[in-house]
Amino acid sequence: MSDISEIRMQVMWNRLISVVEEQALTLLRTAFSTSVRESGDLSAGVFDPRGEMLAQAVTGTPGHVNTMAEAVLHFMNEIPRDNMFEGDTYVTNDPWLGTGHLHDITMVSPSFLNGELVAFFACTAHVVDVGGRGFGADAKSVYEEGIQLPIMKFAEKGKVNLDLVRILRANVREPNQVVGDFYSLAACNEVGHRRLVDMMKEIGLSSLDGLGDFIMSRTRDAMVERIANLPKGSWSNELMTDGYDTPVKLAATVTVRETGVEVDFTGTDPMSRWGINCPIIYSKAYACYALKCVVAPDIPNNAASLAFFTVSSPVNILNAVRPAPVALRHIFGHMVPDLVLGALAHALPGKILAQGAGALWNIHISARPVPGASGRNAEVLMFNSGGMGARPGLDGLSATAFPSGVHTMPIEATEHTGPIVIWRKELRPDSGGDGEFRGGLGQVLEIAATDGHEFDFSAMFDRVNHPAAGRNGGKAGVAGVVRLDDGTMMRPKGWQHVPAGRRLILELPGGGGYGDPSRRGADARANDRSKGYISENDK
């Protein structure tokens with residue numbers, strides 16, 4: 001390929017990235033749910049006609065992006081090519097064909113140019129409610145967790161399936177928000193399609209074959225080089241988590257070969273009877289993300305780079321099969337990177353960060369007036385983050401969503417969605433594990449219903465009984481705490497009640513420290529004290 005052709009391809013690659021970024025921004029700007037609009041709990045991407053992901057938007061979470069990369073093939077298997085038309089949009093929330101639980105809606109749209117299929121656009125977003133028991137761990141099967149949508153058409157030839165819309169409205173607690181998000185997802189793909197067609201017409205392309213070959217071949221070559229530089233062998237790791245009512249062991253063996261990296265979850269505890277199980281499509285998404293962070297963080301995330309990672313598992317809590325309850329699949333899914341990175345730490349000593357809070361501390365609040373009082377009912381979803389583990393050479397990031405990557409919801413936006421008040425939201429002193437490099441801090445939140453209201457909440461928390469471990473001599477982070485302001489201790493998982501007049505206090509876990517604490521410099525400790533990160537009497 002000539003230098004001019006190389007430059008032209010690079011320009012088209014950059015244009016393709018701008019297309020998917022505008023696709024994602026459309027969803028951010030039009031979404032009804034605060035989890036999407038304010039936190040970026042979404043994904044967007046473009047795929048070639050074979051269903052291989054060419055490019056993803058930077059905005060989004062690894063769990064959504066990497067499951068979406070596999071989900072498009074499921075759509076293609078279900079809807080034959082001769083039943084795809086211009087103006088179509090397909091949808092599912094099937095946990096095993098989509099992104100792991102019913103609250104995530106995945107939409108796929110074919111993109112046609114001059115009557116020829118040239119691409120697919122896909123996007124995913126978390127909606128506030130899907131009916132059933134609500135967003136929580138208490139269901140005993142997926143059938144209790146909400147409405148299930150098999151892969152089907154949301155729109156055909158530009159005409160929306162209004163029967164599906166009516167079914168949605170009859171099954172969810174927040175019909176305007178949910179239906180609004182469906183239309184936002186469809187608009188997201190439509191904008192991607194329009195921008196792609198504009199780009200192809202401007203450049204004079206009739207297909208993406210040449211650009212796709214350029215993207216995939218360069219990605220493969222770069223990945224081969226990175227894999228070749230890794231040590232070869234197998235390394236194992238185990239990680240204890242809180243579980244629902246009993247602790248759960250996660251186990252992984254990572255094997256590096258000349259041809260790629262394999263992850264096997266053999267040894268992980270069996271499926272749970274509670275809704276904390278994780279379909280393999282989601283476990284795989286976060287295992288690949290962890291590997292990508294170490295092996296090739298600067299190489300594009302697409303079908304070619306993901307092809308170098310394989311994930312397998314017998315049936316267990318990280319490979320749950322239908323009809324297991326899976327609503328809180330993100331808890332163990334978010335623990336998978338620490339599990340995989342712990343195995344890689346044996347192969348790459350001195351290069352892997354300490355354990356962090358891992359799972360988001362999501363909380364779903366169902367608020368209502370107390371009996372006899374006037375007011376409003378509301379479903380409120382909040383994403384909150386503990387501390388990241390300390391890194392070799394750097395302190396951990398505080399109150400940061402790793403590995404999820406979602407943004408923190410502004411208090412004002414959260415309070416606007418329902419009758420609740422966030423009385424306190426601040427960093428939690430002394431929560432980061434000590435070490436040569438300090439673990440990131442958790443945070444403290446204090447939540448109450450407004451006057452005349454009470455609420456139930458679904459706890460989706462971990463690291464309460466099993467704090468984040470340090471690495472290379474670093475100390476563990478401080479465990480999380482869930483309590484009321486009167487001292488009543490609450491459970492880390494499951495639906496629970498907060499009476500009117502009481503406040504729920506969440507103390508999020510900190511990340512583990514890295515390296516021998518005796519090696520932390522006096523200036524660094526003085527800086528921690530001056531900022532209130534550690535107590536004055538902390539050594």
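**Close-up 1. A sheet of seven strands, seen in a predicted model.** The seven strands make an open sheet, pair antiparallel and follow the order 2-1-5-4-3-6-7. Strands here are DSSP runs of E with at least two residues, helices are runs of H or I with at least four, and both are numbered from the N terminus; two strands pair if DSSP finds at least two bridges between them. Strand 2 (53-56) and strand 7 (159-160) sit at the edges with a single partner strand each, so one side of each has no neighbour in the sheet. As this is a predicted model, local features need pLDDT of at least 70 and side-chain atom pairs count only at pLDDT 80 or more, while totals for chains, interfaces and linings use all residues. Residues are numbered from 1 along each chain as its sequence is written, and side-chain values use heavy atoms, leaving out hydrogens and water.

**Close-up 2. Strands 4 and 5, with helices on the sheet.** Strand 4 (residues 104-113) and strand 5 (residues 116-126) run antiparallel, joined by ten bridges. L113 has E116 in strand 5 as its bridge partner. Helix 5 (residues 175-203) packs on this sheet, and its direction makes about 30° with that of strand 4. (Axes are lines fitted to C-alpha atoms, for helices over the stretch in contact, and angles run from 0 to 180 degrees between N-to-C directions.) Helix 3 (residues 62-78) lies across several strands, including strand 1 (42-47), to which it runs at about 50°.

**Close-up 3. A sheet of four strands.** This open sheet has antiparallel pairing and the order 14-15-19-17. Strand 14 (420-427) and strand 17 (481-484) are at the edges. From one strand to the next, the twist averages 15°. Five bridges link strand 15 (residues 443-449) to strand 19 (residues 503-507), where R503 stands opposite A448.

**Close-up 4. Helix 7 against helix 9.** Helix 7 (residues 280-295) packs with helix 9 (residues 329-347) at about 35°, their axes 8 Å apart. Among the residues that meet (heavy atoms within 4.5 Å) are Y286 and A290 of helix 7, and G333 and P337 of helix 9. The contact counts eleven nonpolar residues, four polar and one charged. (Ala, Val, Leu, Ile, Met, Phe, Trp, Tyr, Cys and Pro count as nonpolar, Asp, Glu, Lys and Arg as charged, and the others, Gly among them, as polar.)
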